[in-house]
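Dear colleague,

Please find the structure below, handed over for your own inspection. My notes on what turned up in it follow.

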Amino acid sequence: MRKSIRRDQLRLGMFIHRFEGSWFKHPFWRARFLLEDDEDLATVLDSEIERLIIDTDKGVDVEEPQSAPPLRPAAAPAPARPAKTPQPVRATPLRPDDGHEVARIEATRVTNQSKKVMREIFDSARLGKAVQCASVTAVVADVTSMIEKNRQAFLKVLRLKSKDEYTYLHSVAVCALMINLGRQLKLDEARIADLGTAGLLHDIGKMLVPADVLNKPGRLTAEEFAIIQTHAERGSQLLEEIGAVPDLALDVCRHHHEKMDGTGYPSRLPGAQISLAARMGAICDVYDALTSNRVYKQAWTPVEAITRMRSWEGHFDSALLFSFMQSIETFPVGMVVRLRSNRLGVVLDNGRRASRPKVLAFYSTRDQEWIEKDIVVIGESLSRDAILEEVDPAHWGIERAAIDRLMEAQAPRSKLAG
């Protein structure tokens, strides 16, 4: 018989059938097992789970309540210790760049810790061993915290991963990009946590692919590419066997290589049948792969990667790809956009890697007339403007050739400014 009990009623010998509440909070990778270990019992008691389901046919039942023991007289309170005299603290003046350096150090610490955890998780998957989901949730929590504190510093550090670190840090980067995109879309926190989990686990099936194929420096043969493609289904099957992973993570693991035009794998799903989470996973996965050094290619810059991705017709959800651009503040040079200030502008070459995008505003949508040119730096503290959407200039009676002439005239000045 299955029975719902409080966490504090749990004892050795019980068979745990299921943890109630969010998977993000429960402390084990597997949900069904006989509780025989004192350490496992302590782990559950220290977790945030309030209730769980036990199966009394497979393990012991809840103990009957016993009469309360007689109360003992309270011990005499310990004498108060004299307060220590506070010592003066000498303040160290901050340099202007201290904030950036602190953010970089913290981002590096979280990145290195996450890499270590992902190595353990992937090695366990490769060996067929179970892993406590507390390891996954800890990484998701750390990544979420870093996205809230200093998104730009964290994403920049993740892009600096070496070829040898790619297998592990790619998953951490996709986790961060999924969380960041979820915030851009204003999704609820529980769903964002599941998206982070999905990012961490989306490539776990690659641990079941032979290393000589996975890490081959040259072009893959058709047979080798077919082997690589199996990682989506095999990873999804592995997560299903675990039995406690969010459905959203299963979906992303299986379908993050599907394409909007139905030419992706493993199921060749048309765009209407690909979930929002899987479409997000496709974008985040490809972007991080393109901006990372691999055994067979050098990293592209963020602008190069976004420009190429935008040109691949039928690959990504175009509206979602634009939201992704907004989330990382990176846009293709030459894209015509509408600004919050009711102006049209064209994205300029900002002249530096990973610096804030620059837009040349040239047209008022309110007055429907050309205006004096104005360079807007998106995200700059002194500017409250922002890019709202991509637009077709023809809708406003503006020829593309006129915009190209604006960019040509601006090019020397923008390069000097960058």
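**Backbone outliers and loops**

Lys186 is exposed, with a relative accessible area of 74%. Please keep in mind throughout that this is a predicted model. Lys186 sits in the loop between α4 and α5 (189-201). Although Lys186 is not a glycine, its phi is positive, at about 60 degrees. Most residues other than glycine have a negative phi, and most peptide bonds are trans.

Arg268 is another non-glycine residue with a positive phi, here about 50 degrees. Arg268 belongs to the loop between α9 and α10, and it is exposed, at 55% relative accessible area. The loop between α9 (247-255) and α10 also holds Pro266. The peptide bond that joins Tyr265 and Pro266 is cis, with omega about 10 degrees.

**Helix α4**

Helix α4 runs over residues 166-184, 19 residues in total. From first C-alpha to last, α4 reaches 26 Å, close to the 27 Å expected at 1.5 Å a residue. Of the 19 residues of α4, 16 are buried, so the helix is mostly covered. Lys186, with its positive phi near 60 degrees, follows α4.

**The nonpolar core**

The largest nonpolar core has 72 residues. Which of them touch the most other members? They are Val143, Phe154, Leu200, Ile204 and Phe324. The largest share of this core comes from α4, which gives 11 residues. In soluble globular proteins, nonpolar side chains tend to be buried together.

For Ile204, leaving aside residues up to four places away in sequence, the contacts are Ile121, Phe122, Ala125, Gly235, Leu238, Leu239 and Cys253.

Val143 also appears among the contacts of Ser114, a residue of helix α2 (residues 98-126). With residues up to four places away in sequence not counted, Ser114 touches Val139, Val143 and Val172. Ser114 has 1% relative accessibility and counts as buried, because the cut-off for buried is under 20%.

**Gln237**

Gln237 is found in helix α8 (residues 231-242). Is Gln237 buried, partly exposed or exposed? At 41% relative accessibility, Gln237 counts as partly exposed, because that class lies between the 20% and 50% cut-offs. Gln237 and Gly205 are 32 residues apart in sequence, and their C-alpha atoms are 8.6 Å apart in space.

**Cysteines**

How many disulfides does a search of the whole structure find? The search finds zero. Cys175 is in no disulfide, and the nearest cysteine sulfur to its own is that of Cys284, 10.0 Å away. Seen from the other side, the closest cysteine sulfur to that of Cys284 is in Cys175, and at 10.0 Å it is too far for a bond. The cut-off for a disulfide is a pair of sulfur atoms within 2.5 Å. Cys175 is buried, at 0% relative accessibility. Cys284 is buried as well, with a relative accessible area of 0%.

**Pocket and cavities**

The largest pocket holds about 1400 Å³ of space. Its lining is made up of 46 residues, and the closest to the centre of the pocket are Lys206, Ile228, Ala289, Arg294 and Tyr296. The elements that give two or more residues to this lining are α2, α4, α6 (211-214), α7 (222-229) and α10 (276-290).

Apart from the pocket, there are two cavities of 30 Å³ or more in the structure. The largest cavity holds about 60 Å³ of space. Which residues line the largest cavity? The lining consists of Leu155, Leu158, Arg159, Ala173, Leu177, Tyr287, Asp288 and Thr291. At least two residues of that lining come from each of α3 (133-159), α4 and α10. The element that gives the most is α3, with three residues.

**In brief**

Helix α4 recurs in these notes: it gives the largest share of the core, contributes two or more residues to the lining of the largest pocket, and supplies at least two residues of the lining of the largest cavity. For a look at the backbone, the places to open are Lys186, Arg268 and the cis bond between Tyr265 and Pro266.

Best regards

Terms used:
Residues are numbered from 1 along each chain as its sequence is written. This is a predicted model: local features need pLDDT of at least 70, side-chain atom pairs count only at pLDDT 80 or more; totals for chains, interfaces and linings use all residues. Side-chain values use heavy atoms; hydrogens and water are left out. Helices (H or I, at least four residues) and strands (E, at least two) are DSSP runs, numbered from the N terminus. The expected span of a helix is 1.5 Å times one less than its number of residues. Buried means under 20% relative accessible area, exposed over 50%, partly exposed in between (1.4 Å probe, protein chains only). A nonpolar core is a set of buried Ala, Val, Leu, Ile, Met, Phe, Trp, Tyr and Cys residues joined through side-chain atoms within 4.5 Å. Contact means heavy atoms within 4.5 Å. On a 1 Å grid over the protein atoms alone, a cavity is a set of points where a 1.4 Å probe fits but cannot get out, and a pocket is an open set with protein on both sides within 12 Å along at least five of seven lines; lining residues have an atom within 4 Å of a point. Grid points are joined across faces, edges and corners, and a volume is the space filled by probe spheres set on the points.
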